[in-house]
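The following exercises concern helix packing, aromatic pairs and solvent accessibility. Each task is followed by a solution in steps.

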Amino acid sequence: MSDPAKDRLIALPEVKDIVGYSGATIYRWIKARKFPSPCHPGDASSRWSEVEVRAWQEEQKAKRAA
C-alpha cells in the first residue's frame, strides 16, 4: 500500500493488528519518536496513516534482514 491516494486513517485496534504490539508499547514508541505519530481528525480519537504504519513495519523487517 504505497499509493498515497489510497491512504486511509486507521484506529488503534487496527494499528495493533498490523504491527502486533500493544497500545502501551505503540504510545511509548511514539513518545520516543520511533513510531509514526497519530493525527486527531476533529475529535478526541487518534488515527494513523495506514501508509505510514505499513512503511514502519517494512522498515522493521528490513532492519531484521540486514
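**Exercise 1.** Does Tyr27 count as buried, partly exposed or exposed, and at what relative accessibility? Place its aromatic partner Trp48 on the scale too.

*Solution.* The basis comes before the classification. The model is predicted, so local features require pLDDT of at least 70 and side-chain atom pairs pLDDT 80 or more, whereas totals for chains, interfaces and linings use all residues. Residues are numbered from 1 along each chain as its sequence is written, and side-chain values use heavy atoms, without hydrogens and water.

Step 1. The scale has three classes: buried is under 20% relative accessible area, exposed is over 50%, and partly exposed lies in between (1.4 Å probe, protein chains only).

Step 2. Tyr27 has a relative accessibility of 37% and therefore counts as partly exposed.

Step 3. Trp48 has 0% relative accessibility and therefore counts as buried.

**Exercise 2.** Characterise the aromatic pair of Tyr27 and Trp48, and state which elements it ties together.

*Solution.* Step 1. Rings of Phe, Tyr and Trp (its six-membered ring) pair if their centres lie within 6.5 Å; planes under 30 degrees apart are stacked, over 60 edge-to-face, and the rest tilted.

Step 2. The whole structure contains 5 aromatic pairs by this search. In one of them, Tyr27 and Trp48 are 5.9 Å apart centre to centre with 65° between the planes, an edge-to-face arrangement.

Step 3. Elements are DSSP runs numbered from the N terminus: helices are H or I with at least four residues, strands E with at least two. Because Tyr27 belongs to helix α2 and Trp48 to strand β2 (residues 48–49), the pair ties together parts that are 21 residues apart in sequence.

**Exercise 3.** What type of pair do Trp29 and Phe35 form, and which residues do ring pairs link into a cluster?

*Solution.* Step 1. The ring centres of Trp29 and Phe35 are 6.4 Å apart and the planes stand at 35°, so this pair is tilted.

Step 2. Trp29 is partly exposed at 21% relative accessibility, while Phe35 is buried at 5%.

Step 3. The cluster linked by ring pairs consists of Tyr21, Trp29, Phe35 and Trp56.

**Exercise 4.** How does helix α1 (residues 12–19) pack with helix α3 (residues 50–65)? Identify the contacting residues.

*Solution.* Step 1. Axes are lines fitted to C-alpha atoms, for helices over the stretch in contact, and angles run from 0 to 180 degrees between N-to-C directions. On this basis α1 and α3 pack at about 25°, with their axes 10 Å apart.

Step 2. Angles under 35 degrees count as roughly parallel, over 145 as roughly antiparallel, 65 to 115 as roughly perpendicular, and the rest as oblique. The two helices, α1 and α3, are therefore roughly parallel to each other.

Step 3. Contact means heavy atoms within 4.5 Å. From α1, Glu14, Val15, Ile18 and Val19 take part; from α3, Glu50, Val53, Arg54, Trp56 and Gln57.

Step 4. By class, the residues of the contact of α1 with α3 comprise 5 nonpolar, 1 polar and 3 charged; Ala, Val, Leu, Ile, Met, Phe, Trp, Tyr, Cys and Pro count as nonpolar, Asp, Glu, Lys and Arg as charged, and the others, Gly among them, as polar.

**Exercise 5.** What is the packing angle between α1 and helix α2 (residues 23–31), and which residues meet?

*Solution.* Step 1. The angle between α1 and α2 is about 90°, and their axes are 10 Å apart. The helices α1 and α2 are therefore roughly perpendicular to each other.

Step 2. Leu12, Val15, Lys16 and Val19 of α1 meet Gly23, Ile26 and Tyr27 of α2.

Step 3. The contact of α1 with α2 divides into 5 nonpolar, 1 polar and 1 charged residue.

**Exercise 6.** Where do Arg33 and Lys34 lie, and is each buried or exposed?

*Solution.* Step 1. Arg33 is placed in the loop between α2 and β2, and Lys34 is also found in the loop between α2 and β2.

Step 2. Arg33 is exposed at 79% relative accessibility, and Lys34 is exposed at 55%.

Step 3. Arg33 has a positive phi of about 60° although it is not a glycine.

Step 4. Leaving aside neighbours within four places in sequence, Lys34 contacts Trp29 and Trp56.
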